[in-house]
Amino acid sequence: MVTEKIILGIDPGTALMGFGVIKVVGNKMSFLQMNELDLRKYTDHYVKLRKIFERTIELIDTFNPDEIALEAPFFGKNVQSMLKLGRAQGVAMAAGLSRDIPVTEYAPRKIKQSITGKGTASKEQVAKMLQSLLGFKEMPKNLDMTDGLAAAVCHFYNSGRIEVGKSYTGWAAFVKQNEKRVKK
């Protein structure tokens, strides 16, 4: 029996949120869509977070993904930027978990490694490899779109592996796996 699933990949951000959707039939993947949510016109951070949540729910309702893959925030020197990115990732994660969709997060380096074979690959190299793999015609202007798509493809490549990243199958699983962080 051939299995079929839809994977939604998201690159959360507070300026642009990139996303991509692939369909997997058996061991073959095909491109469905990639796009971005432009948040630069909003100045209120909480409005941005609401827009991320709403757009993620809209994508879930449109594509009915079986799994969601998120790019985890990278560690930078600016604590405020990290906090904002973490919140953006959190609301995208919450949208999936609110619909009982398993969510897995991947480090940017892991995503690049999965797509290009090199964890230090540039955004352009990742985008070109995705174009070659999935056959989409036009390269997007903003590579946040291909970053979201790359998260989905990374998840496909890593499915069935014992350790792929942090996975959550729902709120209860999230709380259980993170209870040491919240207990005082």
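This is a guided tour of the structure, arranged as a series of selections to make in the viewer.

**The whole chain**

Begin with everything shown as a cartoon, and keep in mind throughout that this is a predicted model. The protein holds six helices and six strands, and anyone tracing the chain along the sequence will pass through them in the pattern β-β-β-α-β-α-β-α-α-α-β-α. Of its 184 residues, 48% count as buried. If you switch to a surface view, the exposed area comes to about 10,400 Å², with carbon and sulfur atoms supplying 53% of it. Among contacts between residues at least 6 apart in sequence, 62% join residues at least 24 apart.

**The β2–β3 hairpin**

Select residues 16-25, which are strand β2, together with residues 28-38, which are strand β3; the two run antiparallel and are joined by ten bridges. To find the register of this pairing, pick I22 in the viewer and look across to β3, where F31 stands opposite. The two strands form a hairpin with two residues between them, and in the turn G26 has a positive phi of about 65 degrees.

**Strand β4 and its neighbours**

Next select residues 67-71, strand β4, which is mostly covered, since five of its five residues are buried. Which residues of β4 point one way, and which the other way? Showing the side chains gives the answer: E67, A69 and E71 are on one side, I68 and L70 point the other way, and all of them are buried. In a regular strand, side chains alternate between the two faces of the sheet.

Now add strand β1, residues 4-11, which runs parallel to β4 and is joined to it by four bridges. Strand β5, residues 103-106, also runs parallel to β4, and four bridges join this pair. I68 is a convenient residue on which to centre the view, being the bridge partner in β4 of L8 and having V103 as its own bridge partner in β5.

**Three consecutive positions in helix α1**

Move to helix α1, residues 45-63, and select T56, which has its place there. T56 counts as buried because its relative accessibility is 0%. Leaving aside residues up to four places away in sequence, T56 touches I10, M17, A92 and A95.

R55 is also found in helix α1, and its relative accessibility of 18% falls under the 20% cut-off, so R55 too counts as buried. With residues up to four places away in sequence again set aside, the contacts of R55 are with M17, F19 and L37. A distance drawn between the C-alpha atoms of R55 and L37, which lie 18 residues apart along the chain, should read 7.7 Å.

E54 lies in helix α1 as well, but at 37% relative accessibility this residue counts as partly exposed. The C-alpha atoms of E54 and A95 are separated by 8.0 Å, although the two residues are 41 residues apart along the chain.

**Two loop residues with positive phi**

Select N64, in the loop between α1 and β4. Its phi is near 50 degrees, a positive value in a residue other than glycine, and N64 is exposed, with a relative accessible area of 53%.

Then go on to D100, whose place is in the loop between α2 and β5. D100 is not a glycine either, yet it has a positive phi of about 60 degrees; with a relative accessible area of 59%, D100 is exposed.

**The second largest pocket**

For the last stop, select D11, E71, F74, K123 and D147, which lie nearest the centre of the second largest pocket and belong to a lining of 20 residues. Which elements give two or more residues to that lining? They are α2 (79-98), α3 (108-116), α4 (123-134) and α5 (144-158), and colouring these four helices separately will help to frame the view.

About 380 Å³ of space lies in this pocket. Rolling a probe the size of a water molecule over the atoms shows where empty space of this kind is left. Colouring the lining by class should give eleven nonpolar, three polar and six charged residues. One of the residues nearest the centre, E71, was already met in β4, where E71 points the same way as E67 and A69 and is buried.

Key
Residues numbered from 1 in each chain as written. Predicted model: local features only at pLDDT ≥ 70, side-chain atom pairs only at ≥ 80, totals over all residues. Heavy atoms only, no water. 1 Å grid on protein atoms, 1.4 Å probe; cavity = no way out; pocket = protein on both sides within 12 Å on 5 of 7 lines; lining within 4 Å. Points joined across faces, edges and corners; volume = space filled by probe spheres on them. Nonpolar A, V, L, I, M, F, W, Y, C, P; charged D, E, K, R; others polar. Buried < 20%, exposed > 50% of the residue type's maximum accessible area, 1.4 Å probe, protein only. Pairing = 2+ DSSP bridges. Contact = heavy atoms within 4.5 Å. Areas by Shrake-Rupley, 256 points an atom, 1.4 Å probe, with all protein chains shown as cover.
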